[in-house]
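Student: I have a new model open and would love to walk through its fold with you. Could we take it question by question?

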Amino acid sequence: MMNDKGITVCTSIDLPLKPAEAFDAVVKDLTLALTRSGIHFETGSEGRIIQKTFEVGRIVAWEPGKRIAIEWRQASWEPDEVTEIEFLFKEIEGSTQVSIEHHHWGRQLGDASEIAGWFASEIAAPFLRATAPEALADWITDRMARRPSGTQSRAFYSDPLYHYPNFRVILSELALTPDDYLLEVGCGGGVLLKEALQSGCRAAGIDHSLDMVALAREVNRDAVSTGRLQIIEASADHLPFSDATFTCATMTGVIGFLDDPVIALKEIRRVLVKGGRLVALGSDPKLRGTWVIPKPMGPRLRFFEDDELGSFAHKAGFADVRVVQRNLESFARDAGVPEEHLSLFAEDTSFLLARNE
Ligand SMILES: C[S@@+](CC[C@H](N)C(=O)[O-])C[C@H]1O[C@@H](n2cnc3c(N)ncnc32)[C@H](O)[C@@H]1O
């Protein structure tokens, strides 16, 4: 109902979680998603919500497992216009109903037909888009691999059993020494970096997933605290390092997700010293359609034949470019991959090797 107090917009979901668990899960992903869209959400009873430099919201009640109330100022050009948002966590028969209600909304919009237009285009259409195949598949792909986040991905990338065989090949090709300074692009949970550091080298990892950056720092807590390793949130296209910083670089499970692999490879070459070496896992067309690449992810991952993989490195200016085939089965067995999944590693896998001239 619209009156001079505005209307209430609300939506809800029932989650088979305890209220405290639902509260933590929702707050964590809400904070991450808002950060990605340029809104800083500071949690806790004194929290503020800032967009650019404007304070959009102020938390007025923070009751973990129950309720969050936010005083909201949706119009920076009318800062006295205040509405109220409530998140409610209600236990109902072992589940938790999570709802978000925005009270007194719509006074800026005009008459009821304008509010209907706003609701249809800004709430209903994104709601349908989010639950239609393209956005859903994008979300699943991001969540699992392209920009991993959430409990399941954190658990997986803290011990990525099926990636250990790739790590072993990469480490053997890199042949690290204590004089090396290694960069990993798309470091995920930082487990390859942890293994690499055993050589005595220094290292840095970048990833565009905030969750993975946090995980990689946690997995390598000691090395990060002593300054042997830094983990930075960054994109492969803009590496936050000066020219000629690293003696070697690697990238595994990443190239197939890049919009333009040549741009990322050029960046990697820029930050490598003369003679610096690159070892990167390819994106093997043989994996297409296998259970390693779950269905919604398939069309979102690019696969490259060896020629194309090599041509990316040439175009990025690398020398001594080679694409080599390595068999991972024995590495997979050593890593503890279950017997019934070893066949996945039976065929050779492509790795790109190159050097910065
Ligand atoms: C499939 S995961 C592999 C993670 C890790 N390398 C491993 O093998 O376990 C791909 C990782 O690359 C990161 N990534 C993908 N595209 C990226 C980009 N353009 N810039 C930075 N990181 C990226 C993702 O966030 C994710 O952590």
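**Strands, helices and a ligand shell**

Tutor: Gladly! Let us start inside the sheet of this predicted model: strands S8 and S11 run parallel and are joined by three bridges.

Student: Which residue of S11 is the bridge partner of Leu-183?

Tutor: The pairing to look at is the one between S8 and S11, which run parallel. Follow the bridge from Leu-183 across to S11, and you arrive at Ala-249.

Student: And what is the bridge partner of Ala-249 in S12?

Tutor: S11 covers residues 246-251 and S12 covers residues 272-281, and the two pair in the parallel sense over five bridges. One of the residue pairs here sets Met-251 opposite Ala-280. For Ala-249, the bridge partner in S12 is Leu-278.

Student: Back to S8: which residue of S9 is the bridge partner of Glu-184?

Tutor: S8 and S9 also run parallel, with five bridges between them. Glu-184 finds its bridge partner in S9, and that residue is Gly-205.

Student: What is the order of the strands in the open sheet?

Tutor: Seven strands make up this open sheet, and their pairing is mixed. Its edge strands are S10 (229-233) and S13 (319-326), each of which pairs on one side only. From one strand to the next, the twist averages 15°. Reading across the sheet, the order is S10-S9-S8-S11-S12-S14-S13.

Student: Why is S8 largely enclosed by the rest of the structure?

Tutor: Here a residue counts as buried if 20 or more other C-beta atoms lie within 10 Å of its own. S11 is mostly covered, with six of its six residues buried. S8 is largely enclosed because, of its five residues, the number buried is four.

Student: At about what angle does helix H9 run to S12?

Tutor: Two helices are worth comparing with the strands they lie across. Helix H7 (residues 210-219) lies across S9 (202-207) and S10, running at about 170° to S10. Helix H9 (residues 261-271) lies across S8 (181-185), S11 and S12, and its angle to S12 is about 140°.

Student: How many residues of the shell around the ligand are charged?

Tutor: The ligand is surrounded by 22 residues, and the closest are Gly-186, Gly-188, His-208, Ala-236 and Gly-253. Helix H3 (133-146) and S9 each supply at least two residues of that shell. By class, the shell has 11 nonpolar residues and eight polar ones, and the number of charged residues is three.

Student: Now the wider view: what distance separates the centres of domain 1 and domain 2?

Tutor: The domain assignment gives domain 1 as 7-131 and domain 2 as 153-355. The C-alpha trace of the protein spans about 70 × 45 × 40 Å along its principal axes. Taken over C-alpha atoms, the separation of the two domain centres is 38 Å.

Student: Last one: what percentage of the contacts with a separation of 6 or more come from residues 24 or more positions apart?

Tutor: The protein has 11 helices and 14 strands. Of its 357 residues, 31% are buried. For contacts with a separation of 6 or more, the share from residues 24 or more positions apart is 61%.

Note on methods
Residues are numbered from 1 along each chain as its sequence is written. This is a predicted model: local features need pLDDT of at least 70, side-chain atom pairs count only at pLDDT 80 or more; totals for chains, interfaces and linings use all residues. Domain bounds come from an automatic or database domain assignment. Two strands pair if DSSP finds at least two bridges between them. Axes are lines fitted to C-alpha atoms, for helices over the stretch in contact, and angles run from 0 to 180 degrees between N-to-C directions. Two residues are in contact if their C-beta atoms, placed from the backbone, lie within 7 Å. A residue is near a molecule or strand if its C-beta atom, placed from the backbone, lies within 6 Å of it. Ala, Val, Leu, Ile, Met, Phe, Trp, Tyr, Cys and Pro count as nonpolar, Asp, Glu, Lys and Arg as charged, and the others, Gly among them, as polar. A residue is buried if 20 or more other C-beta atoms lie within 10 Å of its own, exposed if 12 or fewer, and partly exposed in between; C-beta atoms are placed from the backbone.
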